[in-house]
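The following report describes a two-chain model, moving from single residues to a helix, a whole chain and the contact between the chains. Please read it beside the sequence and the structure.

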Amino acid sequence: MKQDSLSQSEIIEEDGSSLWNDAWIKLSKNYLALAGLGILILLCVVSLLTPWIAPYSYEQQNLDLGATAPSLQHWLGTDIFGRDMLTRIMYGGRVSLMVGFIATAVALVIGILWGAIAGFYGGRLDAVMMRIVDILYALPFMIFIVLLMVVFGRNILLLFLAIGAVEWLTMARIVRGQVMSLRNQEFVEAAYSLGLSQWTIIRRHIIPNTLGPVIVYTTLTIPSVMLLEAFLSFLGLGIQPPESSWGLLINYGVETMEEYPWLLIFPGVALSLTLFALNFLGDGLRDALDPRTSKD
Amino acid sequence: MAILEVKGLKVYFHTRNGVVKAVDDVSFSVDSGETLAIVGESGSGKSVTCYSLLDLLPKPPARIEGGTAFFDGEDLLTCSPDRMRHHRCNDIAVIFQDPMTSLNPFLTIGEQLIEPLIYHPDKSLIQSRSKARERAIQLLDEVGIIDPDSRFDCYPHEFSGGMRQRVMIAMALITKPRLLICDEPTTALDVTIQAQILKLIKKLQQTHEVAVIFISHDLGVVAGIADKVLVMCEGTIRETGNTDSIFYRSQNEYTKKLLAAIPSGPKKLESRVKPENLIRVSHLKTHFNDYSKQKIDGKYSQIKAVDDVSLNISRGEILGLVGESGSGKSTLGRSILQLVPNTAGIVNFGADQLTGLSPRQLVPWRRRMQMIFQDPYASLNPRMTVYETLSEPLLYHGLANRENVLSKVSELMDEVGLARGHMRKYPHEFSGGQRQRIAIGRAIATKPEFIIADEPVSALDVTIQAQILDLILDLVESHNLTMMFISHDLSVVRYISDRVMILHQGVIVEEGKTEELWANPQDPYTQNLLRSIPIADPILERARIENI
């Protein structure tokens with residue numbers, strides 16, 4: 001075997017190799033995933049800098065102008081109140097991306113921990129934890145949000161938390177199922193017989209092996225969260241005009257689709273672009289985090 | 001007259017990583033009423049050869065690159081899908097390896113048995129349900145299913161492994177095939193069941209006049225059943241001839257290596273047993289709730305996996321624990337290591353009692369006793385490199401620090417015979433034998449005094465098995481280990497152990513010094529077990545099968 005001739009020093013140099021390092025090396029060879037990552041970073045940077053680089057004000061109405069098609073002054077046209085669409089999409093992106101990422105992160109953290117603990121310990125604890133999930137599933141989502149709004153007042157951060165607190169339920173179920181099948185694998189028993197603590201086993205041996213389905217579900221959750229926000233805003237529970245989000249812009253765009261199609265098309269393109277980027281990145285990540293896929 | 005004649009068969013797999021020549025220029029023929037055994041280790045192409053005849057390979061990646069396979073004057077490799085279906089339904093049947101997964105759990109066995117008769121592609125041959133049922137019941141009776149009339153409507157889970165394999169055999173024979181392909185039909189079965197199934201196949205072959213292709217890795221099994229033997233390795237034929245000439249007068253290096261690798265005879269190393277008890281187990285019971293049955297008085301009935309077992313293991317001793325599947329041998333091992341809660345009894349390690357300690361109190365003891373698991377594919381975390389797997393116990397128990405962990409891991413890899421350059425690889429990049437070396441390295445990393453090896457070689461090929469056994473013996477020597485070696489394979493246990501215990505339904509039926517027990521088994525169960533071991537010697541093996 002030619003590997004036998006590798007000297008000790010060569011091995012030391014690549015010290016620190018682990019799942020995450022190897023995943024990054026593999027990801028960096030996957031151009032589609034890199035493109036997805038690039039687009040996401042670009043969108044995030046633009047959103048962060050929007051207050052300084054936006055060409056117009058997002059709330060200043062210009063009723064004399066009204067809705068105009070894309071032109072040199074207004075690259076993406078204006079809406080029926082004469083507001084610049086590019087500006088509004090940029091501001092909308094801030095809200096949508098923030099909702100998407102924060103709410104999903106909340107769902108991810110709660111869901112993985114909840115599912116992993118329930119699945120790992122099993123028995124009565126599992127039964128209690130999963131019944132709680134069932135109860136929350138059964139609770140009408142809208143009532144839950146309205147209740148939160150009534151108690152705490154309307155607050156954008158609260159909105160993120162509320163959406164995240166609903167989306168984690170499915171995540172917890174997916175993770176629990178995975179963990180239950182992993183729990184009885186011999187390598188987990190081997191870790192236990194080495195004397196590792198249960199938390200170490202969950203962290204090092206269980207959770208990394210659930211990543212595949214979790215990543216796929218995450219890339220599906222982010223867009224659905226964005227649309228959920230639009231729905232809530234449409235009902236007057238989320239963002240209020242003149243502020244905007246992609247979901248809201250699309251909703252308004254649908255109403256005037258026949259006269260002013262660009263009001264629908266451009267926010268739609270922004271949302272779809274994000275979804276594509278997320279999907280490519282998610283696929284790439286899933287492959288990269290699975291050592292069984294080829295390294296080359 | 002040859003019923004099947006294969007010439008120059010080539011099957012290549014076109015994968016992402018290049019072309020794999022799974023079968024490369026293989027020729028053989030089988031006569032009616034004859035048994036041809038194809039012998040080889042995993043990956044030798046023995047199954048691919050047979051599956052390609054029935055068009056059962058996934059295409060792509062597989063592609064048949066050349067050759068002919070004439071069955072009754074018709075080339076199976078080029079015939080139309082309709083003709084292939086005709087052959088599958090009428091002429092050629094397959095018995096698969098694992099009877100647990102090759103029956104549909106949602107259909108009764110009767111329904112599955114009569115399927116080929118009532119859905120026959122040839123309209124004129126379709127039989128009525130009642131007639132098909134009659135034939136199925138007659139066959140079930142013939143393969144030794146007791147009370148076939150009522151068992152006809154049972155589901156697969158209501159049968160044991162051996163009984164399911166009998167059902168599979170009945171299913172294969174129901175269309176009156178002329179060629180029967182058996183793909184490791186007894187590998188998943190216990191040794192006493194294996195003996196019965198082999199005898200059954202042999203008997204049915206004679207009464208039904210079928211040609212049999214018998215795929216196996218087990219030379220002992222082949223010795224008794226085959227007329228001709230074909231030895232395959234890496235997709236090519238290494239040697240072919242009649243059984244006696246292969247076993248007694250082999251010309252080929254590879255065949256000789258295979259025959260030499262079979263563990264046989266007594267242990268050669270001298271015993272290192274010291275007169276000091278390291279492990280003392282008294283009246284150990286491990287019971288589980290039986291969730292498959294209804295509660296009685298608010299309580300589940302108990303499965304007595306380990307029932308009142310007492311044993312001592314001396315320092316330096318290798319104790320062989322033998323039992324068939326379901327005998328509780330793995331549970332006993334796990335109970336001693338406190339991996340499953342004990343129902344009653346006491347386990348002592350040296351002077352200290354392990355039973356009753358909390359998981360936290362057990363941590364220092366875990367370092368001193370380790371386990372090697374059966375399946376090297378399941379016992380390694382697929383997302384951890386060899387380095388991570390081996391460094392984890394070292395770092396966790398404080399046996400190495402950040403500075404010297406790399407050199408410690410390297411030393412471990414040297415000890416278990418792994419090249420240091422493989423340190424950054426993941427388990428899936430290794431073969432079964434190499435994976436078992438990693439698992440052994442993990443077990444000895446903490447410098448334990450006591451190791452329980454739970455069937456450490458049963459998932460491995462015979463040549464690899466011999467290497468791993470020698471590695472284990474070396475390590476026992478160099479690390480002064482005490483070991484409990486759990487296995488269903490009696491030859492392996494005889495080769496490695498100082499003392500043997502026979503476990504049956506959670507109870508020790510017999511124990512004794514290995515050679516004494518071999519020479520003079522007292523318990524009828526032990527006698528039967530020892531009689532069932534296949535011997536890789538055609539004349540002895542044929543005589544043995546006759547006598548069962």
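Does B:T355 count as buried or exposed? At 10% relative accessibility, B:T355 counts as buried, where buried means under 20% relative accessible area, exposed over 50% and partly exposed in between, with a 1.4 Å probe and protein chains only. This is a predicted model, in which local features need pLDDT of at least 70 and side-chain atom pairs count only at pLDDT 80 or more, while totals for chains, interfaces and linings use all residues. Residues are numbered from 1 along each chain as its sequence is written, chains are lettered from A and ligands numbered from 1 in the order in which they are written, and side-chain values use heavy atoms, with hydrogens and water left out.

**Two buried loop residues of chain B**

B:T355 is placed in the loop between β15 (352-353) and α12 (359-368) of chain B; helices (H or I, at least four residues) and strands (E, at least two) are DSSP runs, numbered from the N terminus. B:D498 lies in the loop between α17 (490-496) and β19 (499-504) of chain B, and B:D498 is also buried, with a relative accessible area of 13%. The table gives polar distances for these side chains, a polar contact being a pair of N or O atoms within 3.5 Å; within protein, one must be able to donate a hydrogen and the other to accept it, and residues adjacent in sequence count only if both atoms are side-chain atoms.

| Side chain | Partner | Distance |
|---|---|---|
| B:D498 | backbone nitrogen of B:I318 | 2.8 Å |
| B:T355 | backbone nitrogen of B:V347 | 3.3 Å |
| B:T355 | side chain of B:Q353 | 3.2 Å |

With neighbours within four places in sequence left aside, B:T355 is in contact (heavy atoms within 4.5 Å) with B:Q338, B:N342, B:G345, B:I346 and B:V347. On the same basis, the contacts of B:D498 include B:K267, B:S271, B:V273, B:E317 and B:K513.

**A helix of chain B**

In helix α2 (residues 81-90) of chain B, the buried residues are B:M84, B:H87, B:C89 and B:N90. These buried residues of α2(B) pack against α1 (46-53), β4 (62-71), β5 (74-75), β6 (92-95) and α3 (109-118) of chain B.

**Chain A**

Chain A has twelve helices and zero strands, and its C-alpha trace spans about 75 × 50 × 30 Å along the principal axes. Of its 296 residues, 46% count as buried, and among contacts in chain A with a separation of 6 or more, 72% come from residues 24 or more positions apart.

**The contact between the chains**

The size of an interface is often given as the accessible area lost when the parts come together. Chain A and chain B bury about 3500 Å² between them, 53% of it on carbon and sulfur atoms, this being the accessible area (1.4 Å probe) that two parts lose on being put together, summed over both. A:E186, A:S193 and A:L194 supply 19% of the area that chain A buries against chain B, more than any other three residues. The contact takes 38 residues from chain A and 40 residues from chain B.

Across this interface the rule finds two salt bridges, each a side-chain nitrogen of Lys or Arg within 4 Å of a carboxyl oxygen of Asp or Glu. A:E189 forms a salt bridge with B:R334, the closest N and O atoms being 2.5 Å apart. Between the chains, 13 residue pairs are in polar contact, both residues at pLDDT 80 or more. On the side of chain A that touches chain B, the largest share, six residues, comes from α8(A).
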